[in-house]
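Work through the exercises below with the model open beside you. Try each task before you read its solution.

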Amino acid sequence: KRLLNLERTKMSSDTGATSAALALARTLRMGTSLIHVGSEPDATTGAVVPPISLSTTFAQASVGDLPGKLDPNSFGLGYDYSRSTNPTRGSLERCLAVAEGAAHGVGFSSGVAAISACMHLLKPGDKIIAMDEVYGGTQRLLSKVVTPLHGIEVSYLDFTDPSISSSDVQEASMIWLESPTNPCLKITNIERISSLNPNAITVVDNTFSTPYFQNPLQLGANVVVHSCTKSINGHSDVVLGMVLTNSSSLYSSLRFTQNAVGSVPSPFDCYLTLRGLKTLHVRMSYGAANALSIAHFLDSHSGVEAVMYPGLTSHPQHELAKAQMKGGFGTVVTVKVKGCTGTFLSELKIFVVAEGLGAVESLVSCPAKMSHHGVPAEKKKQLGIDENLVRLSVGLESIDDLLKDLDDALNAGLKARQI
């Protein structure tokens, strides 16, 4: 008990410095905040890299007298059990919240778990109006779980349609957006759509953009969701999700769901994600430059039917993307190939055929058979997601090597189609 009281006395003396540090974090540029917020030197040892807190439980000086209430990573709650609060998870939640311009961040065990937590903000009889093109896992959750098991109605709209008005969403309890969409990279005017129904919770899945390119909360959204498995971590070695908001009431509900449902990420995964987050600005800047070069190259290639990338002037929402995004247009390029898709994929030497995106290595997938495999065939046809549609997640390799890899594979695909 004496040791605990000594530690609390020390933490109390540091409270002013901690509050000042938190206030300063809000004024820092992204690259600085990503490196320092949540990674302050350890108050006890001075360690520059925060320790990984693997403990599941925490000693209480007396029943209900929780340690760590002055630790910013406990958000004033203190520590009793790691499902409820954990120092390493708190570090990550704080860092990503500052990056996204949010007051609060709540971590989950996967991107889908984060999406599912948002559904717990609703009740039976409520209605979700979602973007017509969403991640296949989101569509599966909505159609197979949210509607049949929870009695929440779901309908879809193409929110890129400029004729969409308040009357189209007046019955919505939640508006679900992706911008850019997965996989066709359509851009939604987040500010306009968020303003159509002030009573609805507008959620934006910002996984493709990351906070580096886009901050939906600043555009009027109420909630942002990330699959941190992708670009936030950036190294294909963690599955993790995050929900962020500026609303105290939504945060309270999300924090309750995090603890009650229990789908929390491990401290080690939080540590890896926090480490990956430190280089987000560098990775996204370099990756977006690679992606734009690839988009221009493919746009004039004889083996490509169409290129979808917001950075091209040919993209239908290019001007909106220029206004809404910053620092680039993302690291995903979607194409329709003319040749044999199977040959194209098998001939790639650097791009790896795999699920996922946002990693340092370049990945390629066929959404119709992979990420959107479970979407009904008629729906895929309507959205243009066919077997010739290929999604490129552009990594950090040399651009010359990536271009040659794509050129060789596309030419091989064309040759196979002619045979």
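**Exercise 1: a pocket**

The second largest pocket has a volume of about 430 Å³. This is a predicted model, where local features need pLDDT of at least 70 and side-chain atom pairs count only at pLDDT 80 or more, while totals for chains, interfaces and linings use all residues. Residues are numbered from 1 along each chain as its sequence is written, and side-chain values use heavy atoms, with hydrogens and water left out.

Task: find which residues are closest to the centre of the second largest pocket, and which elements give two or more residues to its lining.

Solution.
- Step 1. Recall the term: on a 1 Å grid over the protein atoms alone, a pocket is an open set of points where a 1.4 Å probe fits, with protein on both sides within 12 Å along at least five of seven lines. Lining residues have an atom within 4 Å of a point.
- Step 2. Of the 26 lining residues, Val 112, Tyr 135, Asn 182, Ser 227 and Lys 230 are the closest to the centre.
- Step 3. The elements that give two or more residues to the lining are α5, α6 (136-150) and β6. Helices (H or I, at least four residues) and strands (E, at least two) are DSSP runs, numbered from the N terminus.

**Exercise 2: a residue of α5**

Task: decide whether Cys 118 is buried or exposed, and list what it touches.

Solution.
- Step 1. Place the residue: Cys 118 is in helix α5 (residues 111-119).
- Step 2. Apply the cut-offs: buried means under 20% relative accessible area, exposed over 50% (1.4 Å probe, protein chains only).
- Step 3. Cys 118 has a relative accessible area of 0%, so it is buried.
- Step 4. Look for contacts (heavy atoms within 4.5 Å). Leaving out residues up to four places away in sequence, Cys 118 touches Met 174, Trp 176, Val 203, Val 223, Val 225, Val 243 and Leu 254.

**Exercise 3: the two faces of α10**

Task: sort residues of α10 into buried and exposed, and say where the buried ones lie.

Solution.
- Step 1. The buried residues of α10 are Leu 250, Tyr 251, Leu 254, Arg 255, Thr 257 and Gln 258.
- Step 2. They cover an arc of only 160° around the axis, so they lie on the same side of α10. The arc is that of the directions from the helix axis to the C-beta atoms.
- Step 3. The face turned away from the buried side of α10 carries the exposed residues Ser 248, Ser 249, Phe 256 and Ala 260.
- Step 4. The buried residues of α10 pack against several elements, including α5 and β6.
- Step 5. After α10 comes Gly 262, with a positive phi near 85°.

How values were computed:
Points joined across faces, edges and corners; volume = space filled by probe spheres on them.
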